[in-house]
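Trainee: I am new to this structure. Please walk me through it, and show me how each label is earned.

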Amino acid sequence: MHAMNRRTDQSDGAGADPRGAHDTDVIVVGAGPTGLLLAGDLAEAGLGVTLLERRPAEISNLTRALVVHARSLEQLDARGLADELVAGGHPLTGLRLFGRATIDPTQLRSRFPFVLVTPQFEVERVLERRARRAGVTFRHDSEVLGLDQDAEGVTVRFRGAEGLGSVRAAYVVGTDGVRSTIREAVGLPFPGKSVIRSLVLADVRLAQEPDSPLTFNATGDAFALIASFGGGWYRVIGWNRHRQAADDAPADLDEVRELTRLALGSDYGMHDARWISRFHSDERQVPSYRVGRVFLAGDAAHVHSPAGALGMNTGLQDAANLSWKLAAVLRGRAPDGLLDSYQTERHPVGKQALRSSGTLIRIALMPTAPGHAVRALAAQLVNHVRPLARRAVRTISGLGIAYPAGPGAHPLAGHRAPDFRLAGGSRLYELLRQGRFVLITPAGEPGVPQATASGGGSSRPADARVVTASWRSERRTALLVRPDGYIAWATDATAPAARAAALRGAVAHWTGTEDGASIAADLTPPAHAADTPAGR
C-alpha cells in the first residue's frame, strides 16, 4: 500500500484519524480534468488522495474538448489557474451554435466574458501540476478490476505494473469516462441512446489559416469544426450524413476534406494528418450519482453530443461541487447527509446539459427544407430576441446554473456568486483560493477584518473554516459563499439581534463550527450602534 498523503487537519482537534484502517481518504479513478480538479481540491484540504489511472504516465489522454466556458474559468480562478490558461489560449467573443446563430459572451458579468479555445491537455496540465504539488498519489498503469464497499469504507482492486493490488479509502469517486469501470462495479445502468454516429476526428495541418481559432458550421447534411491546436496543428471534428460507418471502420484524409468542404465551403488545404479516428456520440445519464460510498462525476455520470462544448465543463463543475462536501464530511464538519446534496444539485444540471446539447445538435442537423426554415428562425430568435439570447449565453457558459435553496431562503441563496470586489482591494475568487467559506458583511461593522489586496483574506485563528471580508460598497446584505462559489445563505436584516441570530445559525449550519455564536458576535454591531450610519 502507499504511504499516507500529506494531512494537515487544523480545524477540529478530533482525536482519532477518521481513516481508521484506510490507506487513504479518497480514491479517485480517472486522471482527466474532472478527476484532477477533484483530487487537487481534496489534497489541498489536507486529505489523503490516491488517483488511479489506466493509462501509463507517458501516454496522454485522447482529448476531444477544445473549449472552456466562463463558469469553468471562474472555478479555475478560485484555484489560481485561470490566468495562465487564458494567456496560452484563444479567447473568443462569440461562439457559433448552428446556422448563423451565435452566442455573445461579452455581455456576461464575469472576469471571463469570452469563450476560451484551448485543448483539453492544457487544462489537464495545469490541474495535474496542482494536484502533484498538493500531494496526490498518482498510480498510472493501474486498471481497476472491481470494488467492495461496506459501512466503513471501500476497497478498490486493480491490476498494476507490478501485478494485482488493492487500496482502501473512506470514499471512491469514479471519473473514468463513458466506459466507467466504477459505474459498472456498483451496478448502475447508463440509460440513453446514440444521438449521432460516425463522427470523424483528426489532427491535421492546413495550407490556409481560417479566419478564427474556432471555425464551425452545420448545413443539415454535414457539420465541421476546426480549432487551432497549437504548434501548427488543427483539430477537426466533423460528420457527413452520406458517409455513415461503424466506429471501427477506417477513415482517411479524403473523407475529412469532403465533410469539411460540405460544412465550411473549404478544406483549407488540409494535409499531413497525424491521426484520424471515428467515434459516435451518445446521450446517457446514470439515475444516481451516488451509491453508498461511491460517487460518479463527469462522463462516467453523463455524456451527450459535442454541441455547445458542455462535456468537460460540466465535469469540472461536478468536481467543484463534490470536493468541498467530501472534505467537510471527512474532517468532521458536516454529517454524511451533506453528500446527498451532490445528487440533488448536480443531477439536474447533467440532465439540462443533455437537453441543451441535444437541442443544438438536432436543430443543426435538420436535413429537409422545413428543417432549414426552422434552423433559420431559431438563429434569428437567438441573435435578436434579447431575453432568449441572454438565457442561451448563461446556459452555455454555466453562469446561469443555480441550486435549490429550500423554502424561506433568501432569493440569492443557491445562485452563483459573481466575483465581487471587496474592501481592501481583494476579489471574492481570490479569497476562495483558500478552499473555505467566505462571509461578506457590510463595511464599517465592528470586528470585521478586511481582506488584503493580495487575496490572502483574514480568518479568526479559532475558526479556519470561514474567511471574513466586507463590501467595498455601501451594500448592506450579508452573504455566506460556499467554497465552490455559490451563495449558501444571505440576509438583508440590519437589526443587531436579527443579524446576530441569522449569522449564528448560518455559520453553524454550513461550516459545522461550534463557535458560530462568537463569530456572529464579532461580525455584528452592538445594540447601541443600530442608529449610527454603520448600524443602519
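Mentor: Start with one pair: the side chains of D41 and R130 meet in a salt bridge, 2.5 Å from N to O. The pair links distant parts of the chain, with D41 in helix α1 and R130 in helix α4 (residues 120-134), 89 residues apart. This is a predicted model: local features need pLDDT of at least 70, side-chain atom pairs count only at pLDDT 80 or more, and totals for chains, interfaces and linings use all residues. Residues are numbered from 1 along each chain as its sequence is written, and side-chain values use heavy atoms, with hydrogens and water left out.

Trainee: Why is the contact of D41 and R130 called a salt bridge?

Mentor: The rule asks for a side-chain nitrogen of Lys or Arg within 4 Å of a carboxyl oxygen of Asp or Glu. The N to O value for D41 and R130 is 2.5 Å, so the pair meets the rule. By this rule the count comes to 35 salt bridges.

Trainee: What makes K325 and E345 a salt bridge?

Mentor: Their closest N and O atoms are 2.7 Å apart. K325 lies in helix α7 and E345 in helix α8 (residues 340-364), 20 residues apart.

Trainee: How do you know whether K325 is buried or exposed?

Mentor: Buried means under 20% relative accessible area, exposed over 50%, and partly exposed in between (1.4 Å probe, protein chains only). K325 has 0%, so K325 is buried. E345 has 7%, so E345 is buried.

Trainee: Which salt bridge does R482 form, and why does R482 count as buried?

Mentor: The side chains of R482 and D484 meet at 2.7 Å, N to O. R482 counts as buried because its relative accessibility is 4%. D484 has a relative accessible area of 1%, so D484 is buried. Elsewhere, salt bridges that share partners join D77, D83, R111, D419, R427, E430 and R433 into one network.

Trainee: What makes a set of residues a nonpolar core?

Mentor: The set holds buried Ala, Val, Leu, Ile, Met, Phe, Trp, Tyr and Cys residues joined through side-chain atoms within 4.5 Å. The largest such core has 121 residues, and L76, L127 and F223 have the most contacts inside it. Helix α7 (residues 311-330) gives the most to this core, with 11 residues. Another core, of 17 residues, lies apart from it and includes A417 and Y429.

Trainee: Which residues does L127 touch, leaving aside its neighbours within four places in sequence?

Mentor: L127 is in contact with P33, L36, L37, L76, L81 and L316. Contact means heavy atoms within 4.5 Å.

Trainee: How do you know that β1 pairs with β2?

Mentor: Two strands pair if DSSP finds at least two bridges between them. Strands (E, at least two residues) and helices (H or I, at least four) are DSSP runs, numbered from the N terminus. β1 and β2 (residues 49-52) share 4 bridges, in the parallel sense, so they pair. In β2, the bridge partner of V28 is L51.

Trainee: Why is the crossover from β1 to β2 called right-handed?

Mentor: The chain crosses through helix α1 (residues 33-44), and this β-α-β crossover is right-handed. The label means that, with the strands pointing away from the viewer, the path from the first strand over the helix to the second runs clockwise.

Trainee: What is the strand order in the open sheet?

Mentor: The order of its 6 strands is β13-β14-β15-β12-β16-β19, with antiparallel pairing. The edge strands are β13 (214-218) and β19 (302-303), since each pairs on one side only.
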